[in-house]
Amino acid sequence: MKSRGCLCWALAGLQLLGSSKGRGEFTIHFQLDSFVFPQRPKQSMQRLYLHYLVIQRSLVQAKPQTLGVLYFPPTRIPSTFNIFLCTQTPNYAPHEASYPKQEEPRSFLSYRIEKLPRFEPVGSAFQSWMGDGFPIHRGDIFHAINRLRKLKSNQRALEVMEWVIRERPYMLKELDYSYLLEFTTKFHGISQGKELFTRVPLEFQNELLYNNLVIACLDKGAIRLPLECMKRMRELGHPISHLVFNRLIILHSSSRRKKLIPKILAQMKADKVARHASTFNILMKIEASEHNIDGLMKVYSDMKRENVEPNEISFCIIATAYAVARLHTAAEAYVEALEKSATGKNWSTLDVLIMLYGYLGKEKQLENTWGLVKQLPRVRSRSYVMAIEAFGRIGQLTLAEELWLEMKSVKGLRSTEQFNSIISVYCKHGLIDKATAIFREITTNGCKPNAITFRHLALGCLKSGLVEEATKTLDLGMDLTMSNVVRNSTPWLETTLLIIEAFAEKGDIRNVEKLFEELAKAKYIRYTFVYNTLIKAYVKAKIYDPNLLKRMILGGARPDAESYSLMKLAEQFQT
C-alpha cells in the first residue's frame, strides 16, 4: 500500500482528478439510523463508521461536469479560460463519448451501466456482468467513472461508487477514499468534507487525500482552508501537488488579482514543487487571453529554460495566439511543431488544427485534417462547427454548406452555436438572405438566437449595404444578457472588428468609437491592426486627431508603417 509504485499510481490518479472539469461527482446522504452494523471484530470501529457512512441509496441531483484537462467552471474561474486550452464544449460532450472501433462496446462494464434505464439500479448491471462470468476489477470501475464523467451522468457515477463501497469487489485503496472526499466536499460543502477527512482510516490520510481536499476546496473558491491544509502538509512532510498551485494560479488569474501570481510561483519554488507543463500552459493561457504575445512568449522561454517539454496544448495556445494576432508566419511555425507533437488522433487537437488551417488559408491541410476527423469513431458536432467556420474563412462556401447539411442530418440541430456557424459564414460574405433564412430556423428547432447571432447578422447587413438594418440589429443584440466569456471570446471580437471596419469605410466615427470601447475592455486593441482600423475611420471621416498615435501606444499597440501612413493622410484635414 505504501510502496513507491502504488503511490506513483495514486498520484497519477490525482492528476486526473485535479483537472478542474475532469472530475466525476457524486453525492452521499448521511443516514445511519437504518443500518445494523455486522460483527467484524477484526476491523476498527473507525473504518466501520466510514464504510457504512456511504451505504445509503438515496440520490440527489448531481452538478454537471465535463472531462477536459484545462476547462474551468465559468462561474468560479475568470472568463480568460474560455478557449485555446481545450476545444471541447460542454454542449456537445455529454452525448458524444464513443468507444474504440476495434473493440466491441458490449465487452465493457461501462457500456452496460450507460445503457441502463434511467430508474433501474446500477446493481443490475453489475449482476449481469458477473452473471456472464466476468470479475469486477478496479480498472473496470475507473473506466466506467471516466465514461460517466464524459457523459455528465454524475448521478449514475454516484450509484457506481456507492455500490463499490458497499459491496467491496476489490480492496479499497486511497484513490477510492479520495473520490469520496472530493465529491463530499463538492456537494455537501467544505465543512462536511473536512469532517469526513478525519474519519478516513489513518493509513489513507496521506498526500493524495490532502491534495484532493485542497483541490476540492479551491474548486469551490475557498482559499483560507486550503492554505491551512497546505501548512499542515508541510508540517507532516507531505509533498504538495503542482495541481494545487495550478488551481491557485487560476483563482488569481483575473486582472485584479493577477499581481499575486508571482507570489504563488515563489511559494511553489519554496515548496520544491517543479512546474509542470500544465502550469506553464495556464500561465501562457492567461497571457494569450489578454492578447499579450510578448508575455506569452516570455512564459514559453521560461518553460524551455526549466527544461519542461511543451505538449500539444502548449503549441495549440501559442499557434492560436499568433493566428488571432494575424502573425501568420510565426503561427505556421508553431502549427508545424503542433503537428509533430500530436500523439494519435486526438479529436480536440484536430479541431484546433482545423481552426488554424482556416486562419492560415491552407486549404489542402484543412481538407486532410477533416478527413482524419471523419475517420474517428464518432464526429462531434463541435468538429462540424469548427470545419464549417474554417471552410467559410478560406472562401469554400460550397463545402461549408455541404458540411452544414451533413451536420443537420447526422447530428441534428440542438444548439444555437450550430446555427451561428453557418450564419457567420454567410454574413462574412454578405449573403444576408441566406443568413436570414437560417435565422428563421433557429426558433423552429427549439433554440434561441443569442447576442453573437445578432452581431453576425449586423455584419451581414453592413456587407449588403443595409446600414439602417445593421444598426437596429446591433441594438437587438446589445439588449440581450451577455457574459464576459462571450465578450472576451475570439469569434465575438473578430466579428466586432469586421463591423468596425465596415463602419470605418463609411467614416462613421460614432459607431466605430462605440464598438471600439468593447475591444478595449477585452484588451483586443493591443494588436496594431485594430488601431489602424480606428485611424482609417478618422481618415475616411476627414477628421484629424493628433492624439491617435498616443492612444495607440497607451493601449499597448505598436505603430507600424501603415499607422504612420494613415496619420500622414489625416494631417491634410487639420483645421
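Start by selecting H18 and H19, two helices that are roughly antiparallel to each other. The model on screen is a predicted one. H18 covers residues 363-374 and H19 covers residues 381-393. Their axes are 11 Å apart and the packing angle is about 165°. That angle is over 145 degrees, so the pair counts as roughly antiparallel. Turn the view until one helix lies in front of the other: H18 passes H19 in a left-handed crossing.

Now show the side chains where the two helices touch. On H18, pick Leu366, Glu367, Trp370, Val373 and Lys374. On H19, pick Ser383, Tyr384, Ala387, Ala390 and Phe391. By class, the residues of this contact of H18 with H19 are seven nonpolar, one polar and two charged.

**From H19 to H21**

Keep H19 selected and add helix H21, residues 416-428. How do the axes of H19 and H21 cross, and how close do they come? They cross at roughly 0° and come within 9 Å. An angle under 35 degrees counts as roughly parallel, so H19 and H21 are described that way.

The residues to display on H19 are Ser381, Arg382, Val385, Ile388, Glu389, Gly392 and Arg393. They meet Glu417, Gln418, Ser421, Ile422, Ser424, Val425 and Lys428 of H21. Colour the contact of H19 with H21 by class and you get four nonpolar, five polar and five charged residues.

Stay on H21 and centre the view on Ser421. Is Ser421 buried or exposed? Ser421 is buried, because its relative accessibility is 0%, and buried means under 20%. Leaving out neighbours within four places in sequence, Ser421 is in contact with Val385, Ile388, Glu389 and Met407.

**The loop after H22**

Move along the chain to Asn445, in the loop between helix H22 (432-444) and helix H23 (451-463). Asn445 has 34% relative accessibility and therefore counts as partly exposed. Which residues does Asn445 contact, apart from neighbours within four places in sequence? They are Leu413 and Phe419. Draw a distance from the C-alpha of Asn445 to that of Leu413: the two are 7.0 Å apart in space and 32 residues apart in sequence.

**H23 and H26**

Select H23 together with helix H26, residues 490-505. The two pack at an angle of about 25°, with their axes 10 Å apart. This angle makes H23 roughly parallel to H26. H23 passes H26 in a left-handed crossing.

From H23, show Ala451, Ile452, Arg455, His456, Ala458, Leu459 and Leu462. From H26, show Pro491, Trp492, Thr495, Thr496, Leu498, Ile499, Ala502 and Phe503. The contact of H23 with H26 has eleven nonpolar, three polar and one charged residues.

**Two positive phi angles**

Next, go to Lys523, in the loop between helix H27 (509-521) and helix H28 (528-540). Its phi is near 65°, a positive value in a residue other than glycine. Lys523 is partly exposed, because its relative accessibility is 26%.

Then find Arg168, in the loop between helix H6 (154-167) and helix H7 (174-188). Arg168 is not a glycine, yet it has a positive phi of about 50°. Its relative accessible area is 30%, so Arg168 is partly exposed.

**The nonpolar core**

Which residues touch the most other members of the largest nonpolar core? They are Ile113, Phe126, Ile141, Val160, Tyr524 and Val530, out of 163 residues in that core. The largest share of this core, ten residues, comes from H15.

Centre on Tyr524. Apart from neighbours within four places in sequence, Tyr524 is in contact with His291, Val324, Leu493, Glu494, Leu497, Leu519, Phe529 and Val530.

Select H15 next, residues 312-324, and pick out Ala321. With a relative accessible area of 4%, Ala321 is buried. Ala321 and Ser289 lie 8.4 Å apart, C-alpha to C-alpha, although 32 residues separate them in sequence.

**The whole chain**

Finally, zoom out. The chain has 30 helices and zero strands. Of its 575 residues, 54% are buried. Among contacts with a separation of 6 or more, 69% are between residues 24 or more positions apart.

Methods
Residues are numbered from 1 along each chain as its sequence is written. This is a predicted model: local features need pLDDT of at least 70, side-chain atom pairs count only at pLDDT 80 or more; totals for chains, interfaces and linings use all residues. Side-chain values use heavy atoms; hydrogens and water are left out. Helices (H or I, at least four residues) and strands (E, at least two) are DSSP runs, numbered from the N terminus. Buried means under 20% relative accessible area, exposed over 50%, partly exposed in between (1.4 Å probe, protein chains only). A nonpolar core is a set of buried Ala, Val, Leu, Ile, Met, Phe, Trp, Tyr and Cys residues joined through side-chain atoms within 4.5 Å. Contact means heavy atoms within 4.5 Å. Axes are lines fitted to C-alpha atoms, for helices over the stretch in contact, and angles run from 0 to 180 degrees between N-to-C directions. Angles under 35 degrees count as roughly parallel, over 145 as roughly antiparallel, 65 to 115 as roughly perpendicular and the rest as oblique. A crossing is left-handed if the near helix is turned anticlockwise from the far one by less than a right angle, and right-handed if clockwise. Ala, Val, Leu, Ile, Met, Phe, Trp, Tyr, Cys and Pro count as nonpolar, Asp, Glu, Lys and Arg as charged, and the others, Gly among them, as polar.
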